Amino acid sequence: MAYIAPIHRPSSVRHSIWSHVLSADEQSLVLSKANRLEIWRLNSDGVLTMAHSKIVNGTISMLQKLRPKDTDVDLLFVGTERFQYFTLLWDPETSQLVTNQSFLDPAEHQMREAQSMDRCIVDPSGKFLAMHLWEGVLSMLRLGNRKNNAMKLDWLDNVRLSEIFIRASTFLYTETGHPKVAFLYQTRSDASEYADSKLATYRLTSNDQNTEPSRFEEKDRIIDIDIQGLGAAMLIPVEKMEEEVKRHNVRNIESAKAHVGGLMIVGETKLLYIDEVTQTTVESALKEASIFVAWTEYDITHYFLADDYGNLHLLTILTNGVVVTGMDVSLLGKTSRASNLIYMGDNLLFVASHYGDSQLFRLNLLSDNPLEIMQLVQTMPNISPILDFAIMDMGNRGNESQLGNEYSSGQARIVTGSGIHKDGTLRSVRSGVGLTDLGILADLEHTRALFSLKSNGSQKVDSLAVSFLTETRVFKFDSQGEVEEVLSFSGMAFDSQTLFVKNLPNGQLLQTTPTRVTLTDLESGVVLATWVPEGVRTITNVSANDRWLLLAVEGRGLVSLDLQNDLQVVQETDIGDKDQVACVHVPPSLSDVGVVGFWTSGTVSIVDLFTLQPIHGESLRTSEDDASIPRDLALVQVLPPDVSGPTLFIALDDGNVVTFDISPELTFSGRKRVILGTREARFHLLPQPDGIFIIFATTENPSLIYSSEGRIVYSGITAEDATCVCPFDTEAFPDSIVVATDGEIKIGLIDRQRRTHVWPLKMGEIVRRIAYSPSEKVFGLGCIKRELVDGEEKVESSFKLVDEVIFDKVGKAFPLGTPSYVELVEAVIRADLPDSYGNPAERFIVGTSFLTDPDYGADTKVQGRILVFGIDSDRDPYLIVCHEMRGGVRQLAVMDGKIVSALTKSVVISTYEETSTTTGHLTKIAAYKGPTYPVDIAVHGNIIAVGDLMKSLSLVEYVPGGGDDGGSPKLVERARHFQSAWATSVCHIEDESWLETDSEGNLMILRRNPNGVTLEDKRRMEITSEMNLGEQVNKVRKITVETSPSAMIIPKAFLATTEGGIYLLGTIANHAQDLLLRFQGKMASVIKTTGGIPFNDYRAFRNGERAGDGPFRFLDGELLEKFLDQDEATQREICVGLGPSVEDMRNIVEGLRRLH
C-alpha cells in the first residue's frame, strides 16, 4: 500500500479571470492551480492578497465567468479534465464558494478528443458558453433567461462542425443580441502551423429567442475567407465604436472601408483586421516576427500581447475617426512567459504564468522613459514546470547503526530545475518555519554575540547587549518599543568583547570577557567580585546557569566558579598537552554538572562541577578516518519530561549534529545524527514554558530544533543569514527573538506553523537536468538556452556548476555542440568512478543527443555522446571522456562502477576506465534491445528498470560473464508490465516493488514475483497500488530514511510535477493499513468538496485503455488531513466504526501532517 501527500502544492497558473465574484462593488482575481481555485483581492496599496482558496476533486482545465440575468455578480464556470463541470457562486453570509450546479458532459466519450487542450469561450454578454472538447464537435450551453432559472446552465446541443482542426475560436461583439462565433481552422491535421488557414463565422443560434442552436453548415457561414501564410493562432474580437451615422451592409465591398468593430487575426508575421459588417480587411506587417500566446484588452483600440519569448507588446488599431487604417505593435518590456493576461484597470496588468513566476505590473504607457513604462509591483512565486530535482540535507547519513531520526521533510532541502527558457531558475525548496521581521534595530556589522537583559526594577527583559570583537554596546527599550543606546549598564565593561552576560536571581549581573569575570550589583553597578586567570592567559569558552560558571582557559584549563559565593573557585584542572577543550556547556536545568567537548580526542564528557572529573563520556568518531570535532553543546529538555529526559546536542565541525538521550544516571544512549549544513552550527537556546527549550541552530542553512507530538523536529527557518540569536520577550515585543546578520540586527517573531519556503537562483535558461555532488558541494546542471537573434531562433546547451552554500554559479560553463550542429543535454548524474590510480573520484556524467542536421545528425551513425567531467581546483569542469553513441543518450545510471545508458531503442551497459587525469574510455559489454523509446531508468542492485514511452515498465537483469558457462556479460529481461502506459519516470520503492508514473498523471506501484509458480507468473508485474494524481510527474527521487517501529508511514520517494507540485510518497506499515483505508473511505463519503465531484472519480486510475473505480490501495494524504479542519460533530461521524476515538484519530492525522 502507498501514501502520498503534498510538500509544495502546485504553483502553476493555467487560467485566470478578473471577475465580480465576491460582490458587485469589487472585482477580484480568480486563479486556477491544478486542482485548486484561489480568489485574490486587490488592496488599497495596489497589492494582491489571497481572500479564499478551495480544493476541487479534479484537475481544472476550464475557468470562465458568466453573468446571470438581472444580477450584478458573476457566476464561475469550472471544468475538469474528466469532463465534469460545475458553477460556483459566492455566499456572502458564510464567505464561501458554494456549488450552484454540477453536471457531466453528455457527449459520447468514444469520440476523438480535440488535439489542443480543452477550450471554453463565453460571449460578451456572459449568457452563452461554448466548449471544444471533441474533434469536430461544439458543445453549447446557455444561462436561463427567466427568474427561476437565471442561475442554471442548459445544454443547447453538441453540434457537428465541418471545421475539424480548429486553431482558435472566439465570440464576437454583436448589437442584435444574437451571439456570433468565429473559428480559425485548417483543413488537414497534418498541415503545418504556417500553412494557409480559413476563417468562418456563424450565428450560435438560429431563432430570435436564441434557444435553437445553429446547424453550422457551410451555407450558414456569415464570413468565410482564406487566411494566407500568417502562422495565425489567435483571434481578438473588437467592440464597435459609437458612430454618428449608423452603418448598413453595402453592395460594393471594394469601396467600403473597415470600421472599428470586428475581428483581428494575429499571426507571426502579419496582422489582419476584418470589419464584421462589410467584411473589409486591413492588413499590417509586423516589424519583427513573433509567436504570440496571450492577449487582453486595454481599450477598444489598444490590446496587450504576450509572446513566447516573454515579451509584452502593445497592439494599437490605427484609426481615422472610426475607420481602421492599420495596426501597429510596439514592445513594452519583459515579463514571464504568459499563460494569460488580465488587465485589471487602473493601469494594473497581471501576467499569469505556467512557465515562470506570475507577476503584477503597474503601467505608464505615456512615459517616455522605457524604465517607467512597466514597474513590477508583485511576484507570485512559481516553480513549475519542474524538469528535474536533487535532494540534499537528508538526515541519517552517518555511519551509526542506531535508529535514525523520525523522518521530517524539514530535514530535506530539495533543489529544482524549474521554468522554461528565459524563466528558467534553480529553486531551493525547504519545508520550514518562517521568521516574521518586526523591525530593524540597527545596521551593525560583525556582531559576535547577543544577550537579553533586565535592568534594575524591571520584571521583563528590556535591554539588549551586543558584543563585538573589541567592544560591547547595550540598547534599552521602553514599553512602547522605543530604543536608546545607554552609555553604562550596572557596571558592565564596554571596552572589550563580552563572551557571556546574564542576570542572576539574587539581583546581580554576571559578565565574562576574554580577560576577566565580574559580578556587579544590578542596582548600584558596584563590582562585588572579580576573577582573573593567572598570568596573561585568555578565557576561550564560557557557559553558566544560575549556580555555576564553567570556563575554559587557553583551551587547556578548566575552572568551575560558584556564583552564589562571589565567584569562589570550586575546582581548577589543567588538561595539559594531551588534549584541548573545544567547547563547554552548563545545562540550565541540571544541577552541578557540565559538559565538555575535546578537540584532539573528539570526545564529549559530562563532568562533576565540584571536581571537574568526568562522570560519563562518549567518542564522536565512528572510524579511524573520522576526525569529528565538537564545536558547540546543548544539554536541555527539548521533549516533554513525561516523554523523555534531557537530550544532549553536539554540533560537529562538518555540519553534523549528534544527539544522545541522557538518563538520570547521566549515561549516553540513543545516538542519532542529522546533517544541518556544511560547517559547524552554533546553538542558541530559546526557553519556553514548563522548562522546555527550543534550539535555534545557526549555520549556512539555519534550523529550528523543537519537539512536536513527542518527537524532535529539525526544521529549516527563513533566517538564512543569521549569525547570532537570543530570546527577547519584552513588553513591546512579547515572545520575540533578536537576530544578528552580517550587516544588521533585527527583531523577529517565529511562526507557529511550518510551511514551504522557496529561494530562487535565476538562470535565464532551461535547467533540464540537475545532479548533486556531496563531496564537491556543487550542483551539476545541464542547461538549454534559447535566444532570438536577428529573427532567427538559436539553441545552445551547456554543463554548469552551482555552489550549494552560496547558491550561485561557480567556475566556467562547458559549452556543448558546435556552430554546425546542435547538441542537447538529455541526462546528468554524479557518480564515484575510479580514477587513473584506481581510487574513487567524484565525476559528473552527461548524456546528450544531436538534433537532426544535414552536417551531423540523422545521416551519420553518431546520434549522441556520453561525457565524463571532473572538477578542478578552480571549480571548473574539465572533460575526461567523450564517447560517441549511435543513439541519443536519454538517461544515465551507474551500477557498481559501470555506466548504464538508455539510448533510442536500447539500453547499454559499459565499463569505465581512466588512463590519465584527462583521458579515459568506455567499453560496451552488454545491451538490451527491447524498449521502443526509454524515457527513464532506475538501478537497484543488478536490476535495471526501464520506463518506456509506450511499453510501460520492464525489469532487466545484468548477468556478469564468466561462471560455469564462461559466457559474456548480458542483459536479460526478467519481468514486464504488459499493459500499455506512456511512462514518464520510474523508481525502486522496496524489495520487488517499483513506482511508475505516466503522462496521464497515474501512479502505479508494480511488484515483481520472482517466486511465482510458472514462468509467466515470474515475468508478469502486477499492480499492487494505483491512483491518479491529476498532474504529470516528471521525476521521482528515492529517499532512504529510518523510522521508528510504530511509524504508520515509511517515506520512500519525492515526486515533482509539471504543475510545480512536490509530493512525498511512502509505504504504509502493515499494522496501519486496514485502519487508514477505512478512514479514507469514511472521509470520502462524508466530506463534500466544491463542485460535488466524488473523490473516487477524481483519484481513479485512467488512461486510454481503462479506467478504475477509485484509488486502489493508495491513500491521499491531502484528503486525510482535512479531518483536522472539520467540526467536532463531523469528526465524530467519521470515526463511527473505525475503532480509535476522535482524539486518537486527531493525533494520528497530526502525525501524518508532520511528515511534510
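User: In this predicted model, how far apart are the end C-alpha atoms of H3, and what span should its 17 residues have at 1.5 Å a residue?

Analyst: The model is a predicted one, and helix H3 can be checked against the expected rise along its axis. At 1.5 Å a residue, the 17 residues of H3 should span 24 Å, and this agrees with the separation of its end C-alpha atoms, which is 25 Å.

User: Which residues of H3 are buried, and which element gives the most to the largest nonpolar core?

Analyst: Within H3, the buried residues are Ala 1072, Gln 1073, Leu 1075, Leu 1076, Phe 1079, Gln 1080, Met 1083 and Val 1086. The largest nonpolar core has 41 residues, of which Tyr 3, Phe 1054, Phe 1079 and Phe 1123 touch the most other members. At least two residues of this core come from each of S1, strand S30 (386-392), S81, strand S82 (1062-1068), H3, H5, H6 and H7. The element that gives the most to this core, with six residues, is H3.

User: With which residues is Tyr 3 in contact, leaving aside its neighbours within four places in sequence?

Analyst: Tyr 3 is among the residues that touch the most other members of the largest nonpolar core. Once neighbours within four places in sequence are left aside, the contacts of Tyr 3 are with Ile 1049, Leu 1064, Leu 1065, Gly 1066, Ile 1068, Phe 1114, Leu 1115, Gly 1117, Leu 1120, Glu 1121, Leu 1152 and Leu 1155.

User: How many residues are in the second, separate core?

Analyst: This second core is separate and includes Phe 489, Leu 510, Val 559 and Leu 561. Its number of residues is 28.

User: What arc around the axis of H7 do its buried residues cover?

Analyst: Helix H7 (residues 1142-1153) has twelve residues and reaches 16 Å from its first C-alpha to its last, close to the 16 Å expected at 1.5 Å a residue. Its buried residues are Val 1142, Met 1145, Ile 1148, Val 1149 and Leu 1152. These residues lie on the same side of H7, because the arc they cover around the axis is only 120°.

User: Which elements are included in what covers the buried residues of H7?

Analyst: The buried residues of H7 include Leu 1152, which is also in contact with Tyr 3. The covering elements include strand S1 (2-8), strand S81 (1049-1057), helix H3 (1070-1086), helix H5 (1117-1121) and helix H6 (1128-1135).

User: Is Ser 418 buried or exposed, and which backbone oxygen lies 2.8 Å from a polar atom of its side chain?

Analyst: Ser 418 has its place in strand S31 (residues 413-418), and with a relative accessible area of 0% it is buried. The side chain of Ser 418 makes a polar contact of 2.8 Å with the side chain of Thr 416. Beyond four places in sequence, Ser 418 is in contact with residues including Ile 383, Pro 385 and Arg 427. The backbone oxygen that lies 2.8 Å from a polar atom of the Ser 418 side chain is that of Ile 383.

User: How is the aromatic pair of Phe 451 and Phe 500 arranged?

Analyst: The structure holds 23 aromatic pairs. The centres of the Phe 451 and Phe 500 rings are 6.2 Å apart and their planes stand at 70°, so this pair is edge-to-face. Because Phe 451 lies in strand S33 (residues 449-453) and Phe 500 in strand S37 (residues 500-503), the pair ties together parts that are 49 residues apart in sequence. Both residues are buried, and the arrangement asked for is edge-to-face.

User: Which side chain makes a polar contact with the side chain of Thr 498?

Analyst: Thr 498 is found in the loop between strand S36 (483-486) and S37, and at 1% relative accessibility it counts as buried. Not counting residues up to four places away in sequence, Thr 498 touches Ala 449, Phe 451, Ser 467, Thr 472, Met 492, Ala 493, Gln 511 and Thr 512. The polar contact, at 3.0 Å, is with the side chain of Gln 511.

User: What is the length of the polar contact that joins the side chains of Asp 803 and Arg 875?

Analyst: Asp 803 is found in strand S62 (residues 792-803) and is buried, with a relative accessible area of 7%. Leaving aside neighbours within four places in sequence, Asp 803 is in contact with Lys 777, Val 778, Asp 808, Val 810 and Arg 875. The polar contact joining the side chains of Asp 803 and Arg 875 is 2.4 Å.

Conventions: Residues are numbered from 1 along each chain as its sequence is written. This is a predicted model: local features need pLDDT of at least 70, side-chain atom pairs count only at pLDDT 80 or more; totals for chains, interfaces and linings use all residues. Side-chain values use heavy atoms; hydrogens and water are left out. Helices (H or I, at least four residues) and strands (E, at least two) are DSSP runs, numbered from the N terminus. The expected span of a helix is 1.5 Å times one less than its number of residues. Buried means under 20% relative accessible area, exposed over 50%, partly exposed in between (1.4 Å probe, protein chains only). The arc is that of the directions from the helix axis to the C-beta atoms. Contact means heavy atoms within 4.5 Å. A polar contact is a pair of N or O atoms within 3.5 Å; within protein, one must be able to donate a hydrogen and the other to accept it, and residues adjacent in sequence count only if both atoms are side-chain atoms. A nonpolar core is a set of buried Ala, Val, Leu, Ile, Met, Phe, Trp, Tyr and Cys residues joined through side-chain atoms within 4.5 Å. Rings of Phe, Tyr and Trp (its six-membered ring) pair if their centres lie within 6.5 Å; planes under 30 degrees apart count as stacked, over 60 as edge-to-face and the rest as tilted.
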